[in-house]
Amino acid sequence: MRKIIYLISPNKISKNFYINLDKVLAFGNTAFFQLRLKNEKKNKILKIAKKIKKITKKHRVKLLINDNLSLALNIKADGCHLGQQDGSFEIAKKKLNKKIFGITCHNSKVLAKSALKFNPSYLAFGSFYKSKLKPNTFKANISILKWAKKNIKKPIVAIGGINSNNYKKLLLNKANLLAISSYIWKNKKLKPSDAIKKFK
């Protein structure tokens, strides 16, 4: 099975989340799992991250921490993802060393070229579609994927409002990974373990 999913956590971690995560990752199409908790205290995120790490390890999925380099290092995660306002890329690259390091580039060739100076593991572009997770985010168009594939020799992650109806277009335009959150965790029609099966 192709590992095309870059799964992002919901904003809140419920008690049954861990069981659902185990089932979702068991399907086998997820390459990365990113823990993205914006409004939780550090101690709570640390506890959650340690529980999640056991599940990601079991399914051989890489665990990344969003926006928090110190937490990523503390729990020995597989890497860290930083947005444009999340601290020094230079320091992050140095401390992460050979671990996974991803950078958000929105819809910008300038940001992408600048990010390459820090030798990231991948670059993320988006939002390609309307996103519940980030409703006021930058809009990206398919042409940035085509440009990135020609000009950047790094894996490309597409993000923003991706669902079972629109994901194939992104893959056809050479996105390597699809960052998905709401379609899995907030789907009113499908359980997480069924929603993940729509991406093959």
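Visitor: What makes strand β1 and strand β8 a pair?

Guide: DSSP has to find at least two bridges between two strands. Strand β1 (residues 5-8) and strand β8 (residues 177-180) have 3 bridges, so they pair, in the parallel sense. In that pairing, I5 stands opposite L178 of β8. By the way, this is a predicted model: local features need pLDDT of at least 70, side-chain atom pairs count only at pLDDT 80 or more, and totals for chains, interfaces and linings use all residues. Residues are numbered from 1 along each chain as its sequence is written, and side-chain values use heavy atoms, leaving out hydrogens and water.

Visitor: What do the 8 strands close into, and in which order?

Guide: A barrel, with parallel pairing, going β1-β2-β3-β4-β5-β6-β7-β8. From one strand to the next, the twist averages 25° (axes are lines fitted to C-alpha atoms, for helices over the stretch in contact, and angles run from 0 to 180 degrees between N-to-C directions).

Visitor: Why is the pair of F17 and F33 called tilted?

Guide: Rings of Phe, Tyr and Trp (its six-membered ring) pair with centres within 6.5 Å; planes under 30 degrees apart are stacked, over 60 edge-to-face, the rest tilted. F17 and F33 have ring centres 6.3 Å apart and planes at 40°, so they pair up, and tilted is the right word. F17 sits in helix α1 (residues 17-26) and F33 in strand β2, so the pair ties together parts 16 residues apart in sequence. A helix here is a DSSP run of H or I, at least four residues, and a strand a run of E, at least two, numbered from the N terminus.

Visitor: What other aromatic pair does F17 form?

Guide: One with W185, also tilted, at 4.9 Å centre to centre and 55° between the planes. W185 lies in helix α8 (residues 182-185), so this pair ties together parts 168 residues apart in sequence. F17, Y18, F33 and W185 form one aromatic cluster.

Visitor: How do you know whether F17 is buried or exposed?

Guide: Buried means under 20% relative accessible area, exposed over 50%, partly exposed in between (1.4 Å probe, protein chains only). F17 has 3%, so F17 is buried. W185, at 15%, counts as buried too.

Visitor: And what makes the H81 and Y122 side chains a polar contact?

Guide: The rule wants N or O atoms within 3.5 Å; within protein, one able to donate a hydrogen and the other to accept it, with sequence neighbours counted only if both atoms are side-chain atoms. H81 and Y122 come in at 2.7 Å, so the distance fits. H81 is found in strand β4 (residues 79-82), and with 5% relative accessible area H81 is buried.
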